[in-house]
Amino acid sequence: MLDLARGFMGRGYGCDLVLYHLTGSYTDQVPKGLKVVDLRASRTLKAFWPLTRYLSRQRPQVVISSLLHTNIIASWAAALPRTKPHLILTFHNMTSEELNRYDGSPVSGLTSWLMHRAYSKADSLVAVSRGVARDLEKIAYLEKDLVKTIYNPCDLQMIREKAASVSGHPWFRLGQPPVILALGRMVEQKDFPTLVKAVAILRRERKVRLMILGEGQGKTSLMELARDQGLGDDFAAPGFMANPFAYMAEASVVALTSTFEGFGLVLVEAMALGTPVVATNCPFGPSEILDKGKYGELVPIGDERALAQALARTLDNPLPAQSLVSRAEDFSLDKVVDQYQSLFSGHPR
């Protein structure tokens, strides 16, 4: 959303970033000139009336919302009299999987009906991959192809500027072993244990190191697994990095091992820097980004042996950097902003 705001502002649009609570790792990365509106709500549901008051007072022409529960609140608030903005609801993950994680049971007919009622109020529904779009249509009883696909934007210029700095990590000095890099929250979805086991297999044949950038409740158990698998000092988990791009540019391979993804932006970011990638063929984004394996190997979910083999092949025969960079251009911020702008082109700036 910060990238989208940056892209819109670059075209002369006034933008507000409206949050139910101003917190999180990216608060210091808000672009200059972007007005931040903190609704000061302790949870999403309690943001309804503050959001309604904001819409009534500011009368924005366009509202772009993201996240499962936030989208429902936004659809209710935008439907009230005196507001009526062009409402675009965006979906960044598998709706079926998100609902299952919240209540631990299959999606009920009542839940699907409520989602159908809420989402039908929107002017546009946007998913970050074709798979996410079809999943949403099925879960929310929506017409086929009603949900448009607009991939997540990648601010290529910003990434390359940030990658120009040097990470300073001793692992990236000349003559050091190859580094396999992964990024993301240390949660079950990212399945970093499979990556740790794959690297342990790979290390039987060659010297490699594994670095994972991120935080989460699974960090302690992941550190223990790395120790048990014999990675020792060749495993590093330095935490969340506000600027991970220097690490991505210096890594030999970037690996994504998720069990599901809405998109998988880290793959585009790595390719934008010419770094080879390997990913699980999970629903739904990686296969679309990598064009069914053309731009990086796809392996089965949870298969550490297949992953180890794919990492080895990629280390031995990486795709040309320019091929990866060219593919990343397909997800550029300008191209994505063009697609969003086409949804509300009738509104004045």
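The following questions and answers examine strands and helices in a predicted model.

Visitor: In which order do the 4 strands of the open sheet stand?
Guide: The pairing in this open sheet is parallel. At its edges stand β3 and β6 (148-149), each with a single partner strand, so one side of each is left without a neighbour in the sheet. The order of the strands is β3-β4-β5-β6.

Visitor: How many bridges join strand β3 to β4, and how many join β4 to strand β5?
Guide: Strand β3 covers residues 62-66 and runs parallel to β4, with 5 bridges between them. Strand β5, residues 124-127, also runs parallel to β4. The numbers asked for are 5 bridges for β3 and β4, and 4 bridges for β4 and β5.

Visitor: Which residues are the bridge partners of Ile-88 on its two sides?
Guide: Strand β4 is joined by bridges to β3 and to β5, and a partner may be sought in each. From β3, the residue opposite Ile-88 is Ile-64. In β5, the partner of Ile-88 is Ser-124.

Visitor: Which helix lies in the β-α-β unit with β3 and β4, and what is the hand of that unit?
Guide: The two strands run parallel, and His-86 of β4 is the bridge partner of Val-62. The helix that joins them in the unit is α3, residues 68-78, and the hand of the unit is right-handed.

Visitor: Why is strand β4 described as largely enclosed by the rest of the structure?
Guide: In a regular strand the side chains alternate between the two faces of the sheet. In β4, His-86, Ile-88 and Thr-90 point one way, while Leu-87, Leu-89 and Phe-91 point the other way, and all are buried. The strand is largely enclosed because the number of its buried residues is 6 of the 6.

Visitor: Is Thr-90 buried or exposed, and which backbone oxygen does its side chain reach?
Guide: Thr-90 belongs to strand β4. Buried means under 20% relative accessible area, and Thr-90 has 0%, so Thr-90 counts as buried. Residues that Thr-90 touches include Asn-71, Val-126 and Tyr-340. Its side chain reaches, at 2.7 Å, the backbone oxygen of Ser-65.

Visitor: Are helices α1 and α15 roughly parallel or roughly perpendicular to each other?
Guide: Helix α1 (residues 2-9) packs against helix α15 (residues 333-343) at an angle of about 80 degrees, and their axes are 10 Å apart. The contact involves Asp-3, Leu-4, Gly-7 and Phe-8 of α1, together with Leu-333, Val-336, Val-337 and Tyr-340 of α15. Angles of 65 to 115 degrees count as roughly perpendicular. The two helices are therefore roughly perpendicular.

Visitor: How many residues of strand β7 are buried?
Guide: Val-179, Leu-181 and Leu-183 point one way from β7, whereas Ile-180 and Ala-182 point the other way, and all are buried. The strand, residues 179-183, is thus largely enclosed by the rest of the structure, and the number buried is 5 of the 5.

Visitor: Which residues stand opposite Val-179 in β8 and opposite Ile-180 in β10?
Guide: Strand β7 pairs with β8 (residues 209-213) in the parallel sense over 5 bridges. With strand β10 (residues 253-256), β7 shares 2 bridges, again in parallel. Opposite Val-179 stands Arg-209, and opposite Ile-180 stands Val-253.

Visitor: How many of the residues of helix α11 are buried?
Guide: Helix α11 covers residues 265-272 and is mostly covered. Its buried residues include Val-266, Glu-269 and Met-271. The number buried is 7 of its 8 residues.

Key: Residues are numbered from 1 along each chain as its sequence is written. This is a predicted model: local features need pLDDT of at least 70, side-chain atom pairs count only at pLDDT 80 or more; totals for chains, interfaces and linings use all residues. Side-chain values use heavy atoms; hydrogens and water are left out. Buried means under 20% relative accessible area, exposed over 50%, partly exposed in between (1.4 Å probe, protein chains only). Two strands pair if DSSP finds at least two bridges between them. A crossover is right-handed if, with the strands pointing away from the viewer, the path from the first strand over the helix to the second runs clockwise. A polar contact is a pair of N or O atoms within 3.5 Å; within protein, one must be able to donate a hydrogen and the other to accept it, and residues adjacent in sequence count only if both atoms are side-chain atoms. Contact means heavy atoms within 4.5 Å. Axes are lines fitted to C-alpha atoms, for helices over the stretch in contact, and angles run from 0 to 180 degrees between N-to-C directions. Angles under 35 degrees count as roughly parallel, over 145 as roughly antiparallel, 65 to 115 as roughly perpendicular and the rest as oblique. Lists of a residue's contacts leave out its neighbours within four places in sequence.
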